[in-house]
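Below is a short reading note for someone who has not looked at this structure before. It goes point by point.

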Amino acid sequence: MFQNLDIFRTAMAMAKHAGNQQALSAQNIANADTPGYRAREMPKFQDTLRSSLIDQKATRSTHLHGQSGRGADGSVVKTVLDPNGNSVSLEEEMVKAVDAKRHHDKALAIYRSSLTVLRTSLGR
């Protein structure tokens, strides 16, 4: 019954997206000195949420999730390169990691607040 509430699903999706962003930032930072490594970045949560709410149908192999350079988690490869062929910017990755933590904390706050409202409405 409670898992069908949209607010809980949205909070869970936001927390998962933040976790994926954190993992991707860690992977990019770990490969910052690897020649030829291309940094990957996640699309914004709003875009992923919007695309999951709208029923979309791929019309060709390169459409939607079949786009070249797109990972299974929805990440996209960056194309700006350093002289050694690496596209990782440590400053950008640190900002993205902090932003992912903020989004994860926000998702937990939404979840806790919704639980409090639910408990109050049940009289507990």
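1. A point to start from is Asn31, which touches Tyr37, Asn86 and Val88 once residues up to four places away in sequence are left out. Asn31 sits in the loop that joins α1 to β1 (40–41). This is a predicted model, and the values below are computed from its atoms.

2. Two of those partners of Asn31 can be followed further. Along the chain, Asn31 and Val88 are 57 residues apart, yet their C-alpha atoms are separated by 7.7 Å. Asn86 belongs to another loop, the one between β2 (76–77) and α3 (90–122). Its side chain reaches the backbone oxygen of Asn31 at 3.0 Å. The side chain of Asn86 also reaches the backbone nitrogen of Val88, at 2.7 Å.

3. Is Asn86 buried or exposed? Asn86 counts as buried because its relative accessibility is 1%, and the cut-off for buried is under 20%.

4. For the overall layout, the protein chain has three helices and two strands. Read from the N terminus, the order of elements is α-β-α-β-α. Among contacts with a separation of 6 or more, 76% are between residues 24 or more positions apart.

5. Some totals for the protein chain follow. Of its 124 residues, 26% are buried. The accessible surface comes to about 8800 Å², and carbon and sulfur atoms hold 57% of that area.

6. Helix α1 covers residues 6–30. With 25 residues at 1.5 Å a residue, α1 should span 36 Å, and its end C-alpha atoms are 36 Å apart, so the expected and modelled spans agree. The buried residues of α1 include Phe8, Met14, His17, Gln21, Leu24 and Asn28. Polar residues are thus to be found on that list, Ser25 being another entry.

7. The start of α1 carries a salt bridge between Arg9 and Asp6, with the closest N and O atoms 2.4 Å apart. Both residues lie in α1, three residues apart, which is about one turn of the helix. How accessible are the two partners? Arg9 counts as partly exposed because its relative accessibility is 42%. Asp6, at 52%, counts as exposed.

8. Helix α3 can be checked in the way used for α1. Its 33 residues should span 48 Å at 1.5 Å a residue, and the end C-alpha atoms are 48 Å apart, so the two values agree. After α3 comes Gly123, whose phi is positive, near 80 degrees.

9. Which residues of α3 are buried? They are Glu93, Lys96, Ala97, Ala100, Ala107, Ser114 and Leu118. These buried residues pack against α1 and β1.

10. Two charged residues on that list deserve a separate look. Glu93 forms a salt bridge with Lys96, the closest N and O atoms being 4.0 Å apart. Because Glu93 and Lys96 are three residues apart in α3, about one helical turn separates them. Glu93 has a relative accessibility of 0% and so counts as buried. Lys96 is buried as well, with a relative accessible area of 17%. The pair is part of a network of salt bridges that links Glu41, Glu93 and Lys96.

11. Asp99 and Arg102 provide another salt bridge, at 2.6 Å from N to O. Asp99 and Arg102 are also three residues apart in α3, so about one helical turn lies between them. Asp99 counts as partly exposed because its relative accessibility is 29%, while Arg102 is exposed at 52%. The salt bridges in the model come to five. As background, side chains of opposite charge can pair when their charged atoms come close.

12. A last point concerns the surface. Ile29, Leu90 and Met94 form a nonpolar patch there, with about 250 Å² of accessible area together. Ile29 is found in α1. Its relative accessible area is 31%, so Ile29 is partly exposed. A residue needs over 30% to be part of a patch.

Definitions and conventions. Residues numbered from 1 in each chain as written. Predicted model: local features only at pLDDT ≥ 70, side-chain atom pairs only at ≥ 80, totals over all residues. Heavy atoms only, no water. Patch = residues over 30% accessible without salt bridge, like charges linked within 9 Å, V, L, I, M, F, W, Y side chains within 5 Å. Areas by Shrake-Rupley, 256 points an atom, 1.4 Å probe, with all protein chains shown as cover. Salt bridge = Lys/Arg side-chain N within 4 Å of Asp/Glu carboxyl O. Helix = DSSP H or I, 4+ residues; strand = E, 2+ residues; numbered from the N terminus. Buried < 20%, exposed > 50% of the residue type's maximum accessible area, 1.4 Å probe, protein only. Expected span 1.5 Å × (residues − 1). Polar contact = N/O pair within 3.5 Å; in protein donor to acceptor, adjacent residues only side chain to side chain. Contact = heavy atoms within 4.5 Å.
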